[in-house]
Amino acid sequence: ITGSSKAIVELKEQIRIVAPTNAWVLISGENGTGKELVAHTIHRLSKRSHKPMVEVNCAAIPEDLIESALFGHERGAFTGATTMRKGKFDQAHEGTIFLDEIGDMSLKAQSKTLRILQEQKFERVGGTRTIAVDVRVLAATNKDLEAEIEKNRFREDLYFRLNVIPVRVPPLRERVEDIPELVHEFVEEFSLKTN
């Protein structure tokens with residue numbers, strides 16, 4: 001996270017404080033502000049850094065596949081399920097799951113996600129065995145989730161479950177004093193890549 005503006009210094013301090021905890025974090029900010037970088041930094045500085053950080057792009061998973069993607073499936077659960085497959089929560093056990101673009105998740109998918117977040121247990125699609133997981137949840141959105149709640153497009157209970165510690169990533173227009181430092185970094189990076 002580059003910059004020395006007051007906003008970036010405060011963001012770095014907030015990350016430093018929250019990273020070693022197990023608190024769930026909701027990272028908000030416009031597209032391109034570095035929400036994913038913040039999530040990776042929190043995980044890297046956490047006590048779970050030696051375990052996996054599993055990323056889920058919530059906007060990219062079709063609603064009819066969300067259960068299989070998040071929870072996995074057993075062999076024979078549906079046509080084409082020739083082997084058992086672990087889901088994202090299972091893969092993230094004892095580590096971190098990063099729910100990117102959580103605001104784009106359908107209400108049905110939000111409901112299923114809320115259940116596992118509350119119970120930290122799930123069953124694979126087609127399975128009967130309950131699987132308990134220990135995951136730290138980081139979520140990110142470019143949407144105003146409170147406005148989405150008002151429009152009945154985001155579940156209020158899921159919002160409060162995720163929003164234990166809110167982290168806002170400021171856009172560059174709010175920290176123009178960082179532009180020279182960013183330009184310098186980009187020039188060095190691209191000069192090395194292109195000789």
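Here are some questions and answers about this predicted model.

Me: In what order do the strands of the open five-stranded sheet come?
Reply: Strands of a sheet pair through backbone hydrogen bonds, either parallel or antiparallel. In this open sheet the pairing is parallel. Going across it, the order is S2-S5-S8-S1-S9.

Me: Which strands are the edge strands?
Reply: Look for strands that pair on one side only. That fits the two ends of the order S2-S5-S8-S1-S9. The twist from one strand to the next averages 20°. So the edge strands are S2 (53–57) and S9 (165–168).

Me: Which residue in S9 does Ile 27 stand opposite?
Reply: Strand S1 covers residues 25–28, and four bridges join S1 to S9. These two strands run parallel. Opposite Ile 27 in S9 you'll find Val 167.

Me: At about what angle does H1 run to S9?
Reply: Helix H1 spans residues 6–18. H1 lies across S1, strand S8 (136–141) and S9. Its angle to S9 is about 150°.

Me: How many residues apart are Glu 13 and Arg 16 in helix H1?
Reply: Side chains of opposite charge can pair when their charged atoms come close. Glu 13 and Arg 16 form a salt bridge, with their closest N and O atoms 2.5 Å apart. Both sit in helix H1, separated by about one helical turn, because their spacing in the helix is three residues.

Me: Is Glu 148 buried or exposed?
Reply: Glu 148 meets Arg 153 in a salt bridge, at 3.1 Å from N to O. Arg 153 has 43% relative accessibility, so Arg 153 counts as partly exposed. For Glu 148 the relative accessible area is 10%, and buried means under 20%. So Glu 148 is buried.

Me: What is the relative accessibility of Asp 178?
Reply: Asp 178 and Arg 175 meet in a salt bridge, 3.1 Å from N to O. Arg 175 counts as buried, at 8% relative accessibility. Asp 178 counts as buried too, and its value is 0%.

Me: Which residues do salt bridges that share partners join into one network?
Reply: The structure holds 15 salt bridges. Some of them share partners. The network they make joins Glu 74, Asp 90 and Arg 124.

Me: Which residue's backbone oxygen does the side chain of His 73 reach?
Reply: His 73 sits in strand S3 (residues 72–73) and counts as buried because its relative accessibility is 8%. Beyond its neighbours within four places in sequence, His 73 contacts several residues, including Phe 78, Met 84 and Arg 124. At 3.4 Å, its side chain reaches the backbone oxygen of Thr 83.

Note on methods: Residues are numbered from 1 along each chain as its sequence is written. This is a predicted model: local features need pLDDT of at least 70, side-chain atom pairs count only at pLDDT 80 or more; totals for chains, interfaces and linings use all residues. Side-chain values use heavy atoms; hydrogens and water are left out. Buried means under 20% relative accessible area, exposed over 50%, partly exposed in between (1.4 Å probe, protein chains only). A polar contact is a pair of N or O atoms within 3.5 Å; within protein, one must be able to donate a hydrogen and the other to accept it, and residues adjacent in sequence count only if both atoms are side-chain atoms. Contact means heavy atoms within 4.5 Å. A salt bridge is a side-chain nitrogen of Lys or Arg within 4 Å of a carboxyl oxygen of Asp or Glu. Two strands pair if DSSP finds at least two bridges between them. Axes are lines fitted to C-alpha atoms, for helices over the stretch in contact, and angles run from 0 to 180 degrees between N-to-C directions.
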